[in-house]
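Visitor: I'd like a close look at one small part of this assembly, and then a sense of what lies around it. Please start small and work outward.

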Amino acid sequence: MKRLTLFLVVLLGAYLVWTTQDLPDWGDPASPANSYLSTHYIKKAYEETSVPNLVTAVLADYRGYDTMFETVVVFCAGLAVLTILRRTKRKHKKNVKFRPQREGVDIILQNAARLMIAPMQLFALYVIAHGHHSPGGGFQGGVILGASFILLALAYDLKSTLRRFKENTVLFYSGLGVLIYAGIGVISLVLGGNFLAYAAWGGLLGISEVEAHSYGMLGVEIGVAFTVMAIMFSLYLDLASGGDLDEGL
Amino acid sequence: MYMESLISFIVTEYNYSAALILIMIGMYGMIAKNNLLKKVIGMSIFQSAIILFYISIGYKGGASIPIIKHGSGMADHAAIDPTLYVNPLPHVLMLTAIVVGVATLGVALAILQKIYRVHGTIEEDEILESLKE
Amino acid sequence: MDHLPFISAAPALAILVSLAAVPLIALSSKIPNLREFWTLAAGVVKLLLVLSMAGWILAGNTYVYEIWDILPGLSLKLRVDGFGMLFALVASTLWIVTSIYSIGYMRSENEHAQTRFFCFFAVALSATIGVAFAGNLLTLYLFYEKLSLSTYPLVTHHQDREGRGGGRKYLTYLLGTSIGLALPAMLITYHLTGSLEFSSLGVFPETVSKSTLVVLLLMFMFGFSKAGLMPFHSWLPGAMVAPTPVSALLHAVAVVKVGVFSVLRVLTGIFGIDLLAGQDLNTIVCGVAAFTVIVSSCIALSQDNLKRLLAFSTVGQLAYIILGAGLATKLGVTGSMLHISMHAYSKITLFFCAGAIFVATGKKYISQMVGIGKRMPVTMFAFFVGSLGVIGLPPAGGFISKLIMVRGALDADMAWVLGVYLTSSFLNAAYFLPIVYRAFFCTADESMFEDKVSEAPIFCWLPPVITATISVVLFFCPWLYLGFANVMFQ
Amino acid sequence: MMSAQAPILILLIPLLCGLAITLVAQKSKNLAFFLILIGMIGSFSAACSTLIQVLQGSAPIHYRLGGWPPPFGIELVIDHLNAMVLFIVSGSALLTAVYSRNTVIVEIPDRVHHYYTLYALLVSGLLGMVATGDAFNLYVLLEISALSSYALLARGRGLAYLSTFKYIIIGTIGASFYLLGVGYLYIKTGTLNMADLSQMLASPDMKESVSIKTGFVLIIIGVWVKMGFFPLHGWLPNCYSRASTTTSCLIAPLMTKVSIYVMIRLMFSVFSVDYVFNTLQFQQAVVWMACIAIVAGSISALAQQDLKRMLCYIVLAEVGYMVGGVWLMNSNGFAGAVYHIMSDVMMTLCLFMAVGAVIYKTGDSSLESMRGIFRKMPVTATAFLIGGFSIIGIPPTCGFFSKWYLITGAVETGQYHFMIALLFSSLVNAVLFFRIIEIGFFNRFDDSGHGIHQKFEFSEAPVMMLAPMLICAASLLVIGLYTSFILRNIVQWTIPAGL
Amino acid sequence: MNLYGSLLWQFDLLIIPMVIICAIAALTIRDLLSATVVFGAYSFLMCLLWTEMLAVDVAFTEAAVGAGVSTILMVATALHIKRKSKD
């Protein structure tokens with residue numbers, strides 16, 4: 001079976017590698033992929049949205065619909081893990097044989113974590129807010145935020161972390177993030193534009209349409225950050241404790 | 001002559017080939033590995049290899065990162081030379097793909113833990129053995 | 001036909017009447033008398049509706065009604081012509097008679113689930129009339145399938161192991177052949193001709209090769225396996241597990257005649273008799289039918305169970321009808337149409353009698369019926385008349401139709417078919433007459449019945465008397481049915 | 001104004017309702033049910049409005065998301081084909097939502113609100129897949145529906161986790177193949193918009209390109225994995241048959257049919273008839289594969305002792321019908337396949353609902369659980385019967401007419417093996433369903449072979465389960481009777497030029 | 001021969017074999033915890049590769065998600081189950 005799979009995979013791989021000769025040269029600026037849509041984005045995006053980070057502009061505006069569903073994917077994964085793994089009754093506890101044991105309290109680790117968490121969160125906020133001008137944005141910032149809570153849970157323990165950031169609050173934030181994103185879209189719809197057409201916000205906020213794009217993107221990035229932060233933490237919660245939120249790693 | 005074209009092929013397309021080789025490694029892991037966690041690792045390799053493929057599409061020789069230089073000295077609405085910046089579109093697409101990847105990974109791991117709890121093992125053959133009894 | 005078709009909803013109403021009776025029957029399940037009143041009322045209304053169209057049909061008109069535009073270029077359509085009228089009239093008169101009979105039978109046997117029985121009975125009848133009035137092959141197929149399904153609960157009415165086996169066989173044969181053979185044949189025909197309308201000239205263009213025609217012909221003949229052509233006949237004896245009224249109506253009239261009717265429709269309306277004769281396809285039809293006639297009659301000779309004997313006799317008579325149509329002459333086809341009605345009246349009489357005997361004595365086997373004629377003279381006399389009709393002896397209507405078919409065979413210069421006809425009639429006589437003989441003429445000690453055995457309830461013996469009378473009347477004045485058959489060739 | 005926004009509302013309303021369930025309905029199961037109902041009704045009415053708009057106008061509806069013009073932004077394109085699929089998907093999701101009232105509380109008592117959120121996300125993912133006009137956006141929505149279906153399927157019966165894990169692995173391979181294929185297209189054309197792609201791909205040198213061909217094959221294989229087309233079907237029966245009742249009602253009819261839609265969309269809206277059938281030479285091979293799928297699916301269904309597994313194998317055979325119909329390369333086969341999408345959603349839904357009701361009442365899904373069903377649960381039995389007739393293809397249920405067109409298509413192109421496969425499957429289905437009907441109709445026998453007419457308790461499923469089931473059953477007849485209307489007004493417009 | 005090689009294509013040639021080696025190692029190491037850690041290294045190398053191809057946003061995300069959170073999730077799972085794998 002394994003041999004056969006190997007053979008087939010090698011065969012398929014060889015064929016696919018062979019087909020690459022038909023592809024444009026790597027790094028060719030004139031290749032179709034690099035010239036058609038891409039040129040338009042590079043030339044126009046800054047002008048149309050006043051966001052210099054082209055990735056953010058395309059991500060949150062031109063293809064903002066994709067990104068909304070990307071956030072929904074994250075949200076969905078969090079709920080999925082919760083639905084699959086989360087237990088409230090602890091009747092199965094005996095079955096968990098290889099439960100990691102926490103031995104004592106590591107003071108160095110805890111203090112280091114305490115020192116690091118605040119700068120981490122600050123940096124995360126910077127990443128979210130400065131995503132228009134530098135690499136970063138809602139996803140990256142959200143993941144870092146989530147990671148800061150994970151760090152807290154790793155250094156201390158799950159229960160004390162949960163006291164600060166309750167499971168229901170986590171879920172609330174995850175839903176809220178998507179709701180912010182979709183809500184911005186719905187409001188632009190109510191304001192007479194199409195779904196996610198930030199330009200419609202211009203009149204409401206008293207700014208030009210181009211600026212409205214920029215603000216709209218900031219709004220949705222914040223929404224993304226909420227969801228990603230909450231879900232990253234929630235994934236850790238469930239997977240690390242095996243679903244009973246009793247004890248982490 | 002033949003050799004030269006081969007070398008040219010390798011040099012110009014090696015990045016795509018690397019991505020495709022990684023895809024095949026990942027796929028082999030997903031199909032042939034017996035341990036379910038190994039399958040999951042194979043799945044992640046598979047997905048990030050596809051991301052590599054896309055990122056390779058977007059690369060442009062001699063260009064810079066896709067953030068428009070602006071502010072002092074640069075006129076806001078001066079014509080922007082597209083050759084100066086790499087293609088942002090594949091990056092956008094792949095941000096989505098990364099997120100999809102981690103989402104799938106999370107769900108797969110959750111189910112894996114559940115399987116372990118029910119069957120006491122994550123070796124596929126042992127699970128199938130235990131089902132026969 | 002010179003006359004324009006007459007557009008009217010009457011045929012659709014005739015189909016709907018018995019369907020409309022279904023909820024009424026179901027709702028009055030607690031009051032048996034009311035329930036049976038609905039059944040009878042629907043039957044009478046249906047008969048009146050059918051009769052109301054008779055005059056126009058005899059004058060050479062047709063009724064056309066498009067029910068529903070179901071596929072682009074192909075609609076559900078009703079069309080009443082002479083042949084359809086003939087069959088509808090037979091079915092609707094016999095429904096009333098059978099309803100009376102089944103009331104008597106079901107009550108005296110104290111059967112369970114009588115409401116279900118009468119409901120599906122009504123559905124089956126509406127499907128039968130639907131087949132009779134179908135205006136194209138698609139409509140015919142639709143009602144044909146409806147009939148197969150609605151009779152399943154009737155065949156398996158007893159819900160016992162025997163019923164399950166019989167029902168299984170019944171559906172396997174009927175659905176298997178209709179989906180596996182008739183449906184693709186219909187689709188290929190549609191593909192070749194672009195039409196499924198019946199036309200006396202046939203629908204196939206001359207470009208279609210003979211081998212294709214032969215394959216299609218066989219697919220149609222065996223596909224409508226309700227006609228019971230061998231080797232697709234064995235569902236019929238199997239389905240005799242049903243209560244007798246079901247066997248009587250369905251296996252003398254509705255189900256099997258629907259099969260024969262469908263085959264005849266295809267032969268005359270899709271292929272057209274000119275094509276059959278011209279391309280020499282009629283030899284194939286006749287060959288298959290003749291084989292079935294002879295073999296089934298021989299099997300019938302060896303049967304002891306009266307209902308199974310009647311079943312094999314039915315198989316033979318059905319093939320007989322198809323044989324007539326296979327002659328592809330005007331007389332042959334007329335005779336076979338006529339024989340549908342003649343055989344229906346005779347055969348239903350026989351089934352009614354078998355049921356009456358069962359009700360009165362509980363006997364199923366011929367060997368146990370010695371001397372029964374003295375105890376149940378009325379029933380057995382009706383049986384005698386019925387068997388005369390099947391054999392084709394005067395004074396029963398069967399004589400007339402057989403006579404016309406024989407003349408058709410002479411017309412077609414197919415002398416061997418004549419031989420088949422005569423042989424078959426002899427065989428029919430050979431298995432029917434001994435029963436009658438032994439029922440009446442036996443010594444007192446041979447008689448297997450004691451004095452207290454008497455006639456079955458009136459609901460059971462009156463219907464066979466009525467149908468036997470009709471059978472005799474048809475011998476003297478077959479003009480109505482003959483008129484319907486003749487209209488087809490004007 | 002609202003009608004102009006209807007295309008986005010179709011999937012936005014379920015999405016928002018799903019979120020609302022997570023946010024406000026943590027405690028109340030009734031509120032969660034109420035919200036999901038609102039979401040599905042909203043989605044369905046938006047789909048109706050879109051369908052009416054499409055039927056009235058002749059041109060497809062384009063909806064620009066974010067207001068960006070098409071190749072740069074994402075757009076929703078709604079023509080006759082996906083208006084019909086949207087209508088049927090949102091309609092059946094609504095019916096299933098009503099149906100789920102009783103089952104979810106029994107089967108997933110602890111996570112009702114999460115279940116409903118995932119339900120809403122799945123539905124909006126499916127609807128989004130159907131509505132979108134962008135190749136990459138399709139991938140994202142594919143993953144949403146996949147992820148939520150993983151979670152829904154995992155909360156099933158028995159070994160659901162194991163089969164769901166397999167589904168994750170196989171499903172990811174499928175989705176990744178699709179993504180890779182889109183990558184191949186993007187690298188050669190530089191665009192992701194479907195309409196734009198099809199213009200680019202029409203040029204002659206694209207037709208000869210090896211990488212475009214590879215891209216096409218990868219995409220098609222990816223979609224085939226998702227629909228469980230032979231020989232990539234191994235995961236489907238285990239996964240769907242072990243799912244909980246509501247989940248299988250939702251996923252089994254919709255997932256495969258939406259994948260079929262995606263296949264049609266990609267084959268004819270991104271690539272062209274000429275490219276798929278003339279440049280590539282797979283047509284014969286795919287029809288043969290469809291035949292094998294039909295035959296293998298039917299025979300495997302015959303071997304099953306579990307009702308749900310049996311239905312799953314029937315679903316596999318039906319996938320073969322539709323793939324074969326599309327690949328027959330003529331307009332009748334195509335029309336049959338498109339019509340069958342509609343009818344098959346309704347008939348599988350009807351059957352799964354009926355079986356779900358039996359499981360709900362008896363707790364058992366073996367064939368024997370149907371014993372005495374005609375007396376115990378006459379309404380359920382009737383719905384099951386109609387669904388079964390439709391699968392067999394008995395007129396006037398819609399199954400007959402789709403078969404009619406598929407067979408006509410097969411006859412016209414002379415591919416008689418496909419006709420024989422279809423007829424064979426009809427016959428096997430007839431055996432399957434009459435075997436069950438027999439079990440349901442006959443009682444236990446006593447020693448002499450007579451039926452024991454014991455008094456059954458009249459124990460029908462709750463109204464909330466019966467009503468959607470009956471609507472489904474009725475719709476089978478209605479769709480069947482309105483075949484002509486549907487073909488003239490919808491299906492006829494979907495037939496791609498040149499077929 | 002037209003070379004559009006990247007700024008640091010020698011660097012590229014160095015990382016790609018390492019990525020492939022890491023991928024194979026992650027699949028073949030029998031200790032699951034080690035395998036997940038090697039997989040984390042794979043993600044990180046991948047992230048380097050993307051940075052070098054100027055996909056900064058993607059690399060940033062991969063560094064946080066792939067090398068960070070994914071690895072933690074895998075380690076968490078690996079600790080919950082039997083660590084030894086048969087292949």
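**A strand in chain C and its surroundings**

Guide: Start with strand β3 (residues 74–80) of chain C, which is mostly covered, with 5 of its 7 residues buried. Two bits of housekeeping before we go on. This is a predicted model, where local features need pLDDT of at least 70, side-chain atom pairs count only at pLDDT 80 or more, and totals for chains, interfaces and linings use all residues. Residues are numbered from 1 along each chain as its sequence is written, while chains are lettered from A and ligands numbered from 1 in the order in which they are written.

As for the words: "buried" means 20 or more other C-beta atoms within 10 Å of a residue's own, "exposed" means 12 or fewer, "partly exposed" falls in between, and the C-beta atoms are placed from the backbone. Strands (E, at least two residues) and helices (H or I, at least four) are DSSP runs, numbered from the N terminus.

Back to β3(C). Its partner is strand β2 (residues 63–71) of chain C, running antiparallel to β3(C) and joined to it by 6 bridges; two strands pair if DSSP finds at least two bridges between them. Follow the pair to L71(C) and you'll find it opposite L74(C) of β3(C). The two strands make a hairpin with 2 residues between them, and G73(C) in that turn has a positive phi of about 85°.

Step back a little and there's an open sheet of 3 strands in chain C, in the order β1-β2-β3, with mixed pairing. β1 (6–7) and β3 of chain C are the edge strands, each pairing on one side only. The parallel part is β1(C) with β2(C), over 2 bridges, and there F6(C) has Y63(C) in β2(C) as its bridge partner.

Now for helices in chain C. All of α5 (residues 137–155) is buried, 19 of 19 residues, so the rest of the structure largely encloses it. Its length works out too: at 1.5 Å a residue, the 19 residues should span 27 Å, and the end C-alpha atoms are 26 Å apart, which agrees. (The expected span is 1.5 Å times one less than the number of residues.)

Further along sits helix α17 (residues 415–440) of chain C, which holds N428(C). That residue counts as buried because it has 25 C-beta neighbours inside 10 Å. Setting aside neighbours within four places in sequence, N428(C) is in contact with S297(C), S313(C), V390(C) and I391(C), where contact means C-beta atoms, placed from the backbone, within 7 Å. S471(C) is 43 residues away from N428(C) along the chain, and their C-alpha atoms are separated by 17 Å.

Chain C also takes part in something bigger. The largest nonpolar core has 604 residues, and the ones touching the most other members are V73(A), C76(A), Y236(A), V107(B), I322(C) and C350(D). Domain 1 (1–260) and domain 2 (272–490) of chain C both contribute residues, so this core lies between them. A nonpolar core here is a set of buried Ala, Val, Leu, Ile, Met, Phe, Trp, Tyr and Cys residues joined through C-beta atoms within 7 Å, and the domain bounds come from an automatic or database assignment. Y236(A), not counting residues up to four places away in sequence, touches I150(A) and A153(A), plus I72(E), L73(E) and A76(E).

What about the neighbouring chains? Chain C meets chain D through 28 residues of C and 29 of D. On D's side, α18 (398–412), α19 (416–441) and α21 (483–494) each give two or more residues, and α19(D) gives the most, with 8. That side divides into 17 nonpolar, 9 polar and 3 charged residues; Ala, Val, Leu, Ile, Met, Phe, Trp, Tyr, Cys and Pro count as nonpolar, Asp, Glu, Lys and Arg as charged, and the others, Gly among them, as polar.

Chains A and C, on the other hand, don't touch: their nearest C-alpha atoms are 40 Å apart. Of the 6 pairs of chains that do touch, A and B share the most contacts, with 52 residues from A and 46 from B. On B's side, α3(B) has the largest share, 17 residues.

Last, chain E: it has 3 helices and 0 strands, and 56% of its 87 residues are buried. Chains E and D don't touch, with their nearest C-alpha atoms 15 Å apart.

How values were computed:
Contact = placed C-beta atoms within 7 Å.
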